[in-house]
Amino acid sequence: MSASSGLSTFRGAGGYWRAYNSIDLATPDAFYSDPGLVWQFYSYRRHKALTAEPNNAHKALARLSHVKNIKFLTISQNVDGLSQRAGHNPDTLLEIHGSLFELRCTDFCCSYVERNNMTDPLTPSLDVTSFDKLESLPSLTSDQLPHCPRCHKGLLRPGVIWFGESLPLQAVDKADEFIVRNGVDLILVIGTSRSVWPAASYVDVVKNQGGKVAIFNTERDEAEADAWQFVGDCSETLPAALEPLFSGSQAA
Ligand SMILES: [Zn+2]
(Lines give C-alpha, C1' and ligand atoms only; values in the text may rest on other atoms or scores of the structure.)
Protein backbone atom coordinates (compact mmCIF):
# COMPACT_ATOMS: atom_id res chain seq x y z
CA MET A 1 0.00 0.00 0.00
CA SER A 2 2.85 2.38 0.80
CA ALA A 3 4.46 1.82 -2.60
CA SER A 4 1.95 4.41 -3.85
CA SER A 5 3.50 6.85 -1.37
CA GLY A 6 6.92 6.23 -2.88
CA LEU A 7 8.19 3.83 -0.21
CA SER A 8 10.04 0.70 -1.18
CA THR A 9 8.93 -2.39 0.71
CA PHE A 10 12.46 -3.82 1.00
CA ARG A 11 10.92 -7.27 1.19
CA GLY A 12 11.54 -10.19 -1.11
CA ALA A 13 13.70 -10.37 -4.19
CA GLY A 14 15.10 -7.11 -5.44
CA GLY A 15 14.91 -5.39 -2.06
CA TYR A 16 18.42 -3.99 -2.04
CA TRP A 17 19.92 -1.20 0.04
CA ARG A 18 23.41 -0.13 -1.03
CA ALA A 19 25.15 -3.43 -1.85
CA TYR A 20 23.16 -5.35 0.71
CA ASN A 21 20.15 -7.55 0.24
CA SER A 22 17.69 -6.07 2.72
CA ILE A 23 16.93 -9.55 4.05
CA ASP A 24 20.54 -9.78 5.22
CA LEU A 25 20.13 -6.53 7.18
CA ALA A 26 16.80 -7.33 8.81
CA THR A 27 17.94 -10.10 11.12
CA PRO A 28 19.09 -10.34 14.76
CA ASP A 29 22.43 -11.73 13.51
CA ALA A 30 23.05 -8.66 11.34
CA PHE A 31 22.37 -6.37 14.28
CA TYR A 32 24.62 -8.42 16.54
CA SER A 33 27.54 -8.35 14.10
CA ASP A 34 27.22 -4.73 12.87
CA PRO A 35 24.59 -2.68 14.71
CA GLY A 36 25.88 0.52 13.07
CA LEU A 37 25.17 -0.78 9.58
CA VAL A 38 21.71 -1.99 10.55
CA TRP A 39 20.94 1.32 12.27
CA GLN A 40 22.03 3.20 9.11
CA PHE A 41 19.57 1.09 7.10
CA TYR A 42 16.74 1.76 9.54
CA SER A 43 17.64 5.45 9.91
CA TYR A 44 17.28 5.80 6.16
CA ARG A 45 13.93 4.01 6.23
CA ARG A 46 12.70 6.17 9.14
CA HIS A 47 13.68 9.28 7.24
CA LYS A 48 11.99 8.10 4.02
CA ALA A 49 8.82 7.17 5.91
CA LEU A 50 8.72 10.51 7.74
CA THR A 51 9.07 12.45 4.50
CA ALA A 52 6.45 10.34 2.66
CA GLU A 53 2.78 11.27 2.75
CA PRO A 54 -0.15 8.93 3.40
CA ASN A 55 -1.96 8.25 0.13
CA ASN A 56 -5.65 7.84 -0.62
CA ALA A 57 -5.58 4.15 0.28
CA HIS A 58 -4.28 4.94 3.80
CA LYS A 59 -6.88 7.68 4.06
CA ALA A 60 -9.74 5.43 2.92
CA LEU A 61 -8.86 2.75 5.50
CA ALA A 62 -8.49 5.41 8.16
CA ARG A 63 -11.93 6.71 7.28
CA LEU A 64 -13.38 3.19 7.38
CA SER A 65 -11.88 2.74 10.86
CA HIS A 66 -14.15 5.54 12.12
CA VAL A 67 -17.41 4.28 10.57
CA LYS A 68 -19.50 3.41 13.60
CA ASN A 69 -21.72 0.60 12.34
CA ILE A 70 -18.97 -1.59 10.87
CA LYS A 71 -16.90 -4.01 12.94
CA PHE A 72 -13.50 -3.66 11.41
CA LEU A 73 -9.83 -4.36 12.06
CA THR A 74 -6.77 -3.46 10.00
CA ILE A 75 -4.00 -6.05 10.25
CA SER A 76 -0.97 -4.27 8.80
CA GLN A 77 2.38 -5.67 7.73
CA ASN A 78 3.62 -2.12 7.18
CA VAL A 79 6.06 -0.55 9.63
CA ASP A 80 6.09 2.99 8.20
CA GLY A 81 3.49 4.71 10.38
CA LEU A 82 1.55 6.08 7.40
CA SER A 83 -1.78 4.64 8.56
CA GLN A 84 -1.48 6.42 11.91
CA ARG A 85 -0.57 9.63 10.15
CA ALA A 86 -3.64 9.22 7.93
CA GLY A 87 -5.74 9.28 11.12
CA HIS A 88 -6.50 5.56 11.49
CA ASN A 89 -8.29 4.66 14.71
CA PRO A 90 -5.45 3.20 16.86
CA ASP A 91 -7.85 0.75 18.52
CA THR A 92 -8.49 -1.03 15.22
CA LEU A 93 -4.95 -1.02 13.84
CA LEU A 94 -2.69 -4.01 14.45
CA GLU A 95 0.88 -3.58 13.26
CA ILE A 96 1.93 -7.20 13.32
CA HIS A 97 5.44 -6.45 12.02
CA GLY A 98 6.07 -3.66 14.53
CA SER A 99 7.02 -0.09 13.69
CA LEU A 100 10.05 1.85 12.50
CA PHE A 101 9.17 4.39 15.19
CA GLU A 102 9.29 2.00 18.10
CA LEU A 103 12.61 1.62 19.96
CA ARG A 104 13.44 -1.33 22.19
CA CYS A 105 16.34 -1.99 24.54
CA THR A 106 18.46 -4.99 23.56
CA ASP A 107 19.73 -5.64 27.07
CA PHE A 108 18.46 -9.02 28.19
CA CYS A 109 17.47 -7.70 31.63
CA CYS A 110 15.72 -4.54 30.42
CA SER A 111 12.25 -4.26 28.95
CA TYR A 112 12.38 -0.62 27.87
CA VAL A 113 10.12 0.18 24.89
CA GLU A 114 9.45 3.61 23.45
CA ARG A 115 6.65 4.14 20.92
CA ASN A 116 6.14 6.90 18.38
CA ASN A 117 9.69 8.20 18.52
CA MET A 118 9.93 10.31 15.37
CA THR A 119 13.30 11.94 16.10
CA ASP A 120 15.22 12.21 12.83
CA PRO A 121 18.12 11.58 13.02
CA LEU A 122 18.21 9.60 16.25
CA THR A 123 21.89 10.46 16.82
CA PRO A 124 24.10 12.89 14.86
CA SER A 125 25.91 9.92 13.28
CA LEU A 126 22.65 8.46 12.01
CA ASP A 127 21.92 11.33 9.66
CA VAL A 128 21.32 8.97 6.72
CA THR A 129 18.96 11.21 4.88
CA SER A 130 20.21 11.51 1.36
CA PHE A 131 20.61 8.77 -1.16
CA ASP A 132 23.87 10.33 -2.36
CA LYS A 133 25.44 9.78 1.03
CA LEU A 134 24.72 6.08 1.13
CA GLU A 135 27.77 4.91 -0.78
CA SER A 136 30.18 6.70 1.53
CA LEU A 137 28.68 5.89 4.92
CA PRO A 138 31.33 5.35 7.60
CA SER A 139 31.46 2.39 9.96
CA LEU A 140 29.95 3.39 13.29
CA THR A 141 31.00 2.50 16.80
CA SER A 142 28.60 1.69 19.60
CA ASP A 143 28.89 5.13 21.22
CA GLN A 144 27.51 6.71 18.02
CA LEU A 145 24.28 4.68 18.29
CA PRO A 146 21.16 5.23 20.43
CA HIS A 147 21.32 3.78 23.93
CA CYS A 148 18.64 2.94 26.45
CA PRO A 149 17.66 5.86 28.69
CA ARG A 150 16.54 3.45 31.42
CA CYS A 151 19.42 1.00 31.95
CA HIS A 152 22.06 3.22 30.27
CA LYS A 153 23.93 0.21 28.91
CA GLY A 154 21.76 -1.56 26.33
CA LEU A 155 21.78 -0.51 22.69
CA LEU A 156 18.37 0.45 21.38
CA ARG A 157 17.09 -1.42 18.32
CA PRO A 158 14.24 -0.73 15.93
CA GLY A 159 10.93 -2.20 17.15
CA VAL A 160 10.29 -4.14 13.97
CA ILE A 161 10.01 -7.89 13.57
CA TRP A 162 13.10 -9.25 11.88
CA PHE A 163 13.42 -12.37 9.79
CA GLY A 164 13.70 -15.33 12.15
CA GLU A 165 11.77 -13.57 14.94
CA SER A 166 8.26 -14.42 16.10
CA LEU A 167 5.36 -12.08 15.59
CA PRO A 168 4.10 -10.45 18.79
CA LEU A 169 1.80 -13.03 20.33
CA GLN A 170 -0.63 -10.44 21.64
CA ALA A 171 -1.23 -8.99 18.18
CA VAL A 172 -1.62 -12.40 16.55
CA ASP A 173 -4.08 -13.46 19.26
CA LYS A 174 -6.09 -10.29 18.81
CA ALA A 175 -6.31 -10.82 15.05
CA ASP A 176 -7.31 -14.48 15.40
CA GLU A 177 -9.90 -13.66 18.00
CA PHE A 178 -11.38 -10.80 16.00
CA ILE A 179 -11.82 -12.92 12.88
CA VAL A 180 -13.40 -15.87 14.63
CA ARG A 181 -15.45 -14.13 17.33
CA ASN A 182 -17.06 -11.71 14.91
CA GLY A 183 -17.57 -14.30 12.18
CA VAL A 184 -15.81 -11.93 9.77
CA ASP A 185 -17.65 -12.08 6.45
CA LEU A 186 -15.34 -10.00 4.27
CA ILE A 187 -11.57 -9.71 4.13
CA LEU A 188 -9.81 -7.10 2.02
CA VAL A 189 -6.32 -8.20 0.98
CA ILE A 190 -4.49 -5.03 0.02
CA GLY A 191 -1.14 -4.92 -1.72
CA THR A 192 0.34 -8.11 -0.36
CA SER A 193 1.36 -11.27 -2.11
CA ARG A 194 -0.24 -13.23 0.76
CA SER A 195 2.98 -15.21 0.94
CA VAL A 196 3.77 -13.92 4.41
CA TRP A 197 2.30 -15.83 7.33
CA PRO A 198 -0.04 -15.24 9.08
CA ALA A 199 -1.75 -12.90 6.62
CA ALA A 200 -2.19 -15.73 4.13
CA SER A 201 -3.96 -17.91 6.65
CA TYR A 202 -6.56 -15.24 7.46
CA VAL A 203 -7.95 -15.54 3.94
CA ASP A 204 -8.56 -19.26 4.46
CA VAL A 205 -10.16 -18.74 7.86
CA VAL A 206 -12.60 -16.17 6.44
CA LYS A 207 -13.42 -18.40 3.47
CA ASN A 208 -14.05 -21.36 5.77
CA GLN A 209 -16.50 -19.19 7.72
CA GLY A 210 -18.38 -18.55 4.47
CA GLY A 211 -16.94 -15.06 4.03
CA LYS A 212 -15.89 -13.23 0.87
CA VAL A 213 -12.43 -12.18 -0.27
CA ALA A 214 -11.57 -8.96 -2.11
CA ILE A 215 -8.04 -8.56 -3.46
CA PHE A 216 -6.48 -5.18 -4.26
CA ASN A 217 -3.18 -5.56 -6.07
CA THR A 218 -1.32 -4.57 -9.20
CA GLU A 219 -1.73 -8.05 -10.64
CA ARG A 220 -4.60 -10.47 -10.70
CA ASP A 221 -4.29 -13.26 -8.14
CA GLU A 222 -4.93 -16.37 -10.22
CA ALA A 223 -4.93 -18.64 -7.17
CA GLU A 224 -8.05 -16.92 -5.82
CA ALA A 225 -10.48 -17.48 -8.64
CA ASP A 226 -13.57 -16.79 -6.51
CA ALA A 227 -12.29 -13.55 -5.01
CA TRP A 228 -13.34 -10.09 -6.10
CA GLN A 229 -10.28 -8.67 -7.78
CA PHE A 230 -9.45 -4.97 -7.97
CA VAL A 231 -6.41 -4.77 -10.24
CA GLY A 232 -4.42 -1.54 -10.26
CA ASP A 233 -2.94 1.07 -7.94
CA CYS A 234 -4.67 0.54 -4.58
CA SER A 235 -4.53 4.26 -3.84
CA GLU A 236 -7.15 4.50 -6.63
CA THR A 237 -9.03 1.20 -6.42
CA LEU A 238 -9.49 1.07 -2.63
CA PRO A 239 -11.08 4.53 -2.16
CA ALA A 240 -13.37 3.84 -5.13
CA ALA A 241 -14.47 0.46 -3.74
CA LEU A 242 -15.10 1.83 -0.23
CA GLU A 243 -16.86 5.03 -1.26
CA PRO A 244 -20.41 3.54 -1.07
CA LEU A 245 -19.78 2.75 2.61
CA PHE A 246 -19.06 6.38 3.33
CA SER A 247 -22.03 7.97 1.62
CA GLY A 248 -24.81 8.07 4.14
CA SER A 249 -22.77 6.41 6.86
CA GLN A 250 -22.07 7.83 10.30
CA ALA A 251 -18.41 8.41 9.63
CA ALA A 252 -16.78 10.48 12.31
ZN1 LIG B 1 17.63 -0.77 28.77
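Which residue is the bridge partner of alanine 214 in β10? The partner is tryptophan 228. With that pair as a way in, let us walk through this predicted model, beginning with the sheet to which the pair belongs.

## The parallel sheet

Strands β8, β9 and β10 line up in that order to make an open sheet, and their pairing is parallel. The edges are taken by β8 and β10, each of which pairs on one side only. Neighbouring strands here are turned by 15° against each other on average, direction ignored.

You can follow the pairing strand by strand. Five bridges connect β8, residues 186-190, with β9, residues 212-217. Isoleucine 187 has valine 213 of β9 as its bridge partner, and valine 189 stands opposite isoleucine 215 in β9. On to the next pair: β9 is joined by four bridges to β10, which spans residues 228-231. As a general point, strands of a sheet pair through backbone hydrogen bonds, either parallel or antiparallel.

## Helix α7 on the sheet

Helix α7 covers residues 199-208 and packs on this parallel sheet, where it touches β8 and β9. The direction of α7 makes about 155° with that of β8.

Which residues of α7 are buried? They are Ala199, Tyr202, Val203 and Val206. These residues lie on the same side of α7, because they cover an arc of only 105° around the axis. Their packing partners are β3 (74-76), α6 (169-181), β8 and β9. After α7 comes glycine 210, with a positive phi near 90°.

## The antiparallel sheet

A second stop on our tour is another open sheet of three strands, this one with the order β6-β5-β7 and antiparallel pairing. Its edge strands are β6 (113-114) and β7 (156-160), and each pairs on one side only. Helix α3, made of residues 35-51, packs on this sheet and touches β5 and β7. The direction of α3 makes about 140° with that of β5.

Four bridges join β5 to β7, and cysteine 105 stands opposite leucine 156 in β7.

## Leucine 100 in strand β5

Leucine 100 is part of β5, which runs over residues 98-105. Is leucine 100 buried or exposed? Its relative accessible area is 3%, so it counts as buried.

Leaving aside neighbours within four places in sequence, leucine 100 is in contact with Tyr42, Arg45, Arg46, Ala49, Val79, Asp80 and Val160. Another landmark is asparagine 117: its C-alpha atom is separated by 8.8 Å from that of leucine 100, and the two residues are 17 apart along the chain.

## The zinc site

Our last stop is a metal site. Which residues are the protein donors of the zinc ion? They are Cys105, Cys110, Cys148 and Cys151, each through its SG atom, at 2.3 to 2.4 Å from the ion. Along the chain, these donors follow the spacing C-x4-C-x37-C-x2-C. The site is tetrahedral, with angles of 104 to 117° among the four donor atoms.

How accessible are two of these cysteines? Cysteine 105 has a relative accessible area of 10%, and cysteine 110 has a relative accessibility of 12%. Both values are under 20%, so both residues count as buried. Cysteine 105 also links two parts of our tour: this zinc donor is the residue standing opposite leucine 156 in β7.

Notes: Residues numbered from 1 in each chain as written. Predicted model: local features only at pLDDT ≥ 70, side-chain atom pairs only at ≥ 80, totals over all residues. Heavy atoms only, no water. Donors = N, O, S within 2.8 Å, 3.2 Å for Na, K, Ca; no water. Tetrahedral: all angles 85-135°; square planar, octahedral: opposite > 155°, others 65-115°. Buried < 20%, exposed > 50% of the residue type's maximum accessible area, 1.4 Å probe, protein only. Pairing = 2+ DSSP bridges. Helix = DSSP H or I, 4+ residues; strand = E, 2+ residues; numbered from the N terminus. Axes fitted to C-alpha atoms, helices over the stretch in contact; angles between N-to-C directions. Contact = heavy atoms within 4.5 Å. Arc of directions from axis to C-beta.
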